[in-house]
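Good morning, everyone, and thank you for making room for this short talk. Please keep the picture in view while I speak, and follow along with the numbering as we go.

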Amino acid sequence: MALATPSGRGAVALLRVSGGAARDLVAPRLRSASRAEWVARRSFLAQFLGREDQPVDRVLVTFYPGPTSYTGEDLVEISCHGSPVLAEEITETLLKAGARLAEPGEFTLRAFLNGKMDLAQAEAVRDLVESRTTFQAKVAAEQLGGRLSQRLGPVKAQIVATLCHMETTLEFVEDEVSPQGRSQLAVQIEDAERQLGDLVESYQLGRLVQEGAQVFIAGRPNAGKSSLFNELIRFDRAIVAEVPGTTRDALIETIDLGGLPVRLVDAAGIRETSDPVERLGVEKSLEYLQESDMVLFVVDNSIPLDPEDLGIWERIRGLPCVLVLNKEDLPARLEVPEELERDCVASVRVSALERTHVKDLKDVLLGALTPAQKLGIEGVVVTNIRHRQCLERSRRHLREGLKAYRGGMSEEFPLYDFRKAVDALGQITGETTTEDILDQVFSTFCIGK
Ligand code: GDP
C-alpha cells in the first residue's frame, strides 16, 4: 500500500492497496460497507475506522479487481480528505491490519511483472509523472501508449527471421544458402541496423526534450543582450529553480520554448582581455559557451560591425548560431558579411526595445534546436539513456555479426551476435531482463507509483 498523492494538505488524498488480500484487508475497516457494495469500479462512501476502531473520516472507496486493474492484481483505492494526519492514520491502521508499505515504483513493477505493460511503458509512467513541459509529457505519453515498443517490433522480427533462416541452415547442412541468399540475408540485417541507427539519433532530440537545451547570448557590450534576455524571459518566466551559485557569473533563466526547456545564459563578456579579474569572468563565460547547444549572436543593426563584433564572431565560430540583428527600430547601418550569414543557421531582425519580432526569434530558435529531420522517425523519440545504450549494443552486435557473415565465417559466429542483438532489444521492452535492470529502473520511481 502507499499514498498516491503528494504528502501534504489538499482537497483529497488517495491511498492504494494492491494484492490478493487488498479487499479483505480494507473491508473490516469500513463501516456501512455491505458486501454488495464491492462492485467492480463502482465507488462507494464509508466511514473508515482508525486504530481505535473509531470513525476517522468519511472516505470514498473504489475496488478494481485483477487482472483488469493497474497492477493486474486486486486493487483498492481509498480517497480521504486531504489532511496528512488522516492519510497517516489510515496508513497506520492498514499497516497494523497486515499491509506493507510499497517500495518506490512497486505498483508499476507489479503491473510490468503481471504483463500489464512492458518495461519501456513502465519507464514512460515515471517520465510522465516527472515531465516539466508539455513536450516532455507528450513524448512520455506516446511511449506509454507503446510507440517505442511498436517501432522496435518489426525491426526485431526482421532480425529474428534472419536468425531462423540461418539456424535452419545450420541444422540441415545440405540446405547451404546460395551466395545470393547470403547477400539477401545481409541486406535484411543491414536494414535493421540502419533503423536502429535512426532511433539512436533521435536521442539527440530526446535528450533535449528531457534535459533541455542551453542557449548562450553573445555580443559586444551595448548590442542589447540584456534587453533581449529580459524580453525572451518576459512571458515564460523560469520553469525550474537554478542550481545556487550559477547566477553569480551569469544570468541564467530557463524558459519553456514551445515545450522545450531552454536555459538562456547571459554571461559576462567573451572578448580578449588583459585584465586578470575580467579574464576569470571570460573563462567562465567560455565554459558556458562551450556547453551550449546554440548561440544567439546579437549585433547592433544600427551601426557597422566593429572589431569587437568580429572578435566575438571568431570565438563562436564553429558553434551552431542564430544571428540576431537587434535595434531594427533604428535606421539600418549594418552590412552582414556573406561569410557570417553562411556561418549562421538563421538570422532574425528584432528590436528588444520595441519588442518587435521577438516571437519570430523564438520560432527560429526552436526550429534551429529541433530540425525537422530529427523529429522524423515516425515521431518516435528515444529519451532514455538506458534505451539508447541497449540500441547501441544491439547495433554493435549486428555490425559484428554482419562482418563475420560477410567474411564467410561459419554460421555459428554471426548467429551468436545476432542473438545478442535481439537480447539487447528485448532489454528495452523487458522481455529479457535481469534483477539488476529492474532494480535500476524501478528505484528511480517515486513511492506510490
Ligand atoms: P548589453 O550590453 O549587450 O547587455 O546591452 P543592453 O541590453 O544593456 O542595451 C544597451 C543599450 O541599447 C540600452 O540603452 C538599451 O536600451 C539599448 N537597446 C537595446 N535594445 C535596443 C533596441 O532594440 N533598440 C534600441 N533603439 N535600443 C536598444
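Helix α8, which covers residues 225-233, gives the most to the shell around the ligand, and its share is three residues. Before I go further, please keep in mind that this is a predicted model, and that what I tell you has been computed from it.

Which residues come nearest to the ligand? Of the 15 residues around the ligand, those are Asn222, Lys225, Ser226, Ser227 and Asp329. If we sort the shell by the kind of residue, we find that five are nonpolar, six are polar and four are charged.

Let me now turn to individual atoms, because contacts of this kind count as polar when a pair of N or O atoms lies within 3.5 Å. An N or O atom in the side chain of Ser227 is 2.5 Å from an oxygen atom of the ligand, and a polar side-chain atom of Ser351 lies 3.0 Å from a ligand oxygen. With Leu353 the backbone takes part, since one of its N or O atoms there lies 3.2 Å from an oxygen atom of the ligand. How much of the ligand does the protein bury? Taken alone, the ligand exposes 570 Å², and the protein buries 73% of that.

From the ligand, let us move to the sheets. As a reminder, the strands of a sheet pair through backbone hydrogen bonds, either parallel or antiparallel.

One open sheet has six strands in the order β8-β9-β7-β10-β11-β12, and its pairing is mixed. At its edges stand β8, residues 250-257, and β12, residues 346-349, each of which pairs on one side only. From one strand to the next, the twist averages 25°. Within this sheet, β10 (residues 294-300) and β11 (residues 321-326) pair in the parallel sense over six bridges, and there you can find Val295 with Cys321 in β11 as its bridge partner.

Two helices lie across strands of this sheet. Helix α9, residues 276-290, lies across β7, β8, β9 and β10, and runs at about 135° to β7, while helix α10, residues 307-316, lies across β7, β10 and β11, and runs at about 170° to β10.

There is also an open sheet of six strands in the order β1-β2-β6-β5-β4-β3, and here the pairing is antiparallel. Why is one side of β1 and of β3 left without a neighbour in the sheet? Both β1 (2-3) and β3 (30-31) stand at the edges with a single partner strand each, and so one side of each has no neighbour in the sheet. The partner I would like you to look at is β4, residues 44-49, which runs antiparallel to β3 and is joined to it by two bridges; along this pair, Arg31 stands opposite Gln47 in β4. Helix α2, residues 84-96, packs on the sheet, where it touches β1, β2, β4, β5 and β6, and its direction makes about 145° with that of β6.

Two loops here deserve a careful look at the backbone. In the loop between β4 and β5 we find Asp53, which has a positive phi of about 65° although it is not a glycine. In the loop between β5 and β6 lies Pro67, which is joined to Gly66 by a cis peptide bond, with omega about 5°.

Finally, please go to Ser443, which has its place in the segment after α16 (435-442). A polar atom of its side chain lies 3.0 Å from the backbone oxygen of Asp439. Ser443 and Lys116 are 327 residues apart in sequence, and from C-alpha to C-alpha they are 19 Å apart in space.

Technical notes. Residues numbered from 1 in each chain as written. Predicted model: local features only at pLDDT ≥ 70, side-chain atom pairs only at ≥ 80, totals over all residues. Heavy atoms only, no water. Near = heavy atom within 4 Å. Polar contact = N/O pair within 3.5 Å; in protein donor to acceptor, adjacent residues only side chain to side chain. Areas by Shrake-Rupley, 256 points an atom, 1.4 Å probe, with all protein chains shown as cover. Helix = DSSP H or I, 4+ residues; strand = E, 2+ residues; numbered from the N terminus. Nonpolar A, V, L, I, M, F, W, Y, C, P; charged D, E, K, R; others polar. Pairing = 2+ DSSP bridges. Contact = heavy atoms within 4.5 Å. Axes fitted to C-alpha atoms, helices over the stretch in contact; angles between N-to-C directions.
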